[in-house]
Amino acid sequence: MLNRRLLRAVAPVAALALALSACADDNKDKVKKGASAVASGASAVASGASQAGSAVGGNSVKIGFMGDLTGENSGIVIPARNGAKMAIDQYNATNPAVKIEMVEYDSKADPTTAVALAQQAIKTDKIVGLVGPAFSGESAQVGPVLEEAKIPSITMSATNAKLAANGWKYWHRMLAGDSVQGPGIGEWIAGPAAKKNVFVIDDKSEYGKPLADFVRKVLTDKGIKFESDSIDPAESDYSTAVNKAVAFKPDAIFFGGYYAAAGKLLKQLRDKGVKDATFVSGDGSLDKGLVEGAGAANADGAIVGCPCLIGGSDAPDPKVAKFAVDYKAAFNADPAIYAAEGYDSSSMFIAAIKAGNTTAEAINTFLVTADVPGVSKQMKFGPNGEVSATDTYIYQVKGGKIALLGNSKDAKLG
Amino acid sequence: MWNDFVTQFWPATIDGLSIGSIYALVALGYTMVYGVLRLINFAHSEIFMMGTFGALFVPYTLGITTPQTGFALVGIFLLMLAGGMLVSAGGAVALEWIAYRPLRKRGASRLAALICAIGASLFLQEVFALYVIPRVFDRPQQGRNLTPLPRIMERNELFSIAGHAVRLDQVIVVAAAVVMMVALDRLVTKTRIGRGIRATAQNPEAAVLMGVDIDTIVRVTFLVGGAMAGVAGALYLLAYENTSYFIGFLFGIKAFTAAVLGGIGNLRGALIGGIVIGLVENYGAILAGSGAWKNVITFGVLVLVLMFRPSGILGESLRQTRA
């Protein structure tokens, strides 16, 4: 009797454990640590698996990567993950004295999840540096945690301007922030594109609202007429903003937000007859998801600004071209947004570790003074953690592809 | 503000009616199940989500990626409706059979069924995000991204009201929703099975004593409610041309709100509630000056209505619907 009862109690637990470990194995290559609180058991199994898998022998340190790897806006994070991973794989292939293991944390862009994962990264995995978090909202929450633990981080894509104003000593950014991107796009709308009537929409997020505000400020300064609205990106129907735009008859529309909402918004605008206004957005919309969401015909001609440089294998700069060739060989895709910035962020940590710095503190000290050539730009951080380079580039959707139009200072509408 | 309201009144009305009809169709499922089982079926939002994917499956398997016209368009549209209804109705019946019936047979509390519904809702979302979208729709690694429907119907202007265009897709959405609701109303008031549904809603025990097979009635209720959500899913897909595993969440809450607003348990109330929510959120957002205020206004109105009329606008329930 006792046996049967015991069996009955143990069987589901055993089955569950089996299922969890199967899950963990399944996902090991893609995402080592599930973000959600699926059960601490699952992540314990997963981290066990990853430790067993990393029997590198001798010295090795861990670098984390954090961002939305499976969520709605993961399209602008995965290229950065690929870039970051490629740099580390290339470095490990040279058989260095100290190898680097990259640990991925899928925050799904949720700040609460990101903080929990950051704590796990610090306490359990003992990372010495973090590439990420990818987005501004999660960065604002994770920043203080890393600061307290004295772990250096380099984000490859969080562009909120306020992040640099926190006085964080361990935070760095591999691309220019919104205080560069916003005015860059705003001045492009007013200058080279010569628009007179602009409708500015934001998604009220930590990223979209301030970016739109920078654009509004430039338009105000230049005396260009504009009207504003906000949307809730979780909604399906943006008809209020769209109807307002129809009534306003703009010749350009700026949207501050991510591509999932940008695609839906652009489609609804075009369907309601706002056909001639140029649709302009920021780096959060620089993804093929914009084209897919809006439909290729609707998306044609849409403009996306970005403080990032995406070059193909035909790029004039040999460094950029070589990166594009290597990336294509590794992932069977052309480098997309932030791939180069992700690669550079990893490279910066690699440079620090090559120079003999293997603790978080020593790496951070190295980052303060380092001045290293990267793929996307010369990598040098200012005292507030911002990278020194300040270029914004303008891209345009042509025939379903997003192509580089030029620097925001002089890019002409084709 | 007021100027905006005047200039945007007609477009907002057209949009409100079109999205309101979809809310109403989803609200029917909440209200019918509540009427019969006194259960708030929170998984109904996922039944709607499944309907959008059921409808999406049709153009996806047929490989249609360009706008169609004439009979081809009508055929595809009817197939999409059928696909949505099939998947949603099947899902709803399966859900009842797997998740709710065992609880009912054991006489579990309503709270247990409610928790079970929330669990089923999360389960279905994750199944779609992790399996159905990546595997069935062949979008690996994109389970949580929006899944687009290629444009299968040109968005032509059909006629205009006060200078504002009314498009074909908006007319189809409203017309299809009205047809379905009339059909459902006939089903409940005129047929034998409808009489069974009403009897069960009034008094389950007496209905059983009078020879009503309560299991069949419950199954039919889920089937019909699911089919309505499937139609809503197909119409939604046609109107917005995208869907995702998470689409049901906000939509489900609004449809549920519509059901409560109209008087939960009341079929015609669900219709009125849906249309009212659709219109109020569009009018309110104009007056508030920004679309971001939509939800604040919608749920503010809900609170107000319930404060002064706790049983909803129509107030009367399925129980008292006269034949």
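Let's start at a turn in chain B: in the hairpin formed by S2(B) and S3(B), two residues lie between the strands, and Ala162(B) there adopts a positive phi near 50°. Please keep in mind that this is a predicted model. The two strands of the hairpin, S2 (residues 157–161) and S3 (residues 164–167) of chain B, pair in the antiparallel sense over four bridges. Within this pairing, Phe159(B) sits opposite Val166(B) of S3(B).

Next, a pair of helices. In chain B, the axes of helix H2 (residues 44–62) and helix H9 (residues 247–262) come within 8 Å and cross at roughly 125°. Because that angle falls neither in the 65 to 115 range nor over 145 degrees, H2(B) and H9(B) are oblique to each other. Their crossing is right-handed. From H2(B), the residues that meet H9(B) are His44(B), Ser45(B), Glu46(B), Phe48(B), Met49(B) and Thr52(B); their partners in H9(B) are Ile247(B), Gly248(B), Phe249(B), Phe251(B) and Gly252(B).

Chain B also touches chain A, in a contact that takes 26 residues from chain B and 31 residues from chain A. On the chain B side, the elements giving two or more residues are helix H1 (2–37), helix H10 (267–288) and helix H11 (294–308) of chain B. H1(B) supplies the largest share of that side, with seven residues.

The table sets out the make-up of two contact regions.

| Region | Nonpolar | Polar | Charged |
|---|---|---|---|
| Contact of H2(B) with H9(B) | five residues | five residues | one residue |
| Side of chain B that touches chain A | eleven residues | eight residues | seven residues |

Methods. Residues numbered from 1 in each chain as written. Chains lettered and ligands numbered in written order. Predicted model: local features only at pLDDT ≥ 70, side-chain atom pairs only at ≥ 80, totals over all residues. Contact = placed C-beta atoms within 7 Å. Nonpolar A, V, L, I, M, F, W, Y, C, P; charged D, E, K, R; others polar. Axes fitted to C-alpha atoms, helices over the stretch in contact; angles between N-to-C directions. Parallel < 35°, antiparallel > 145°, perpendicular 65-115°, else oblique. Left-handed = near helix turned anticlockwise from the far one by under 90°. Pairing = 2+ DSSP bridges.
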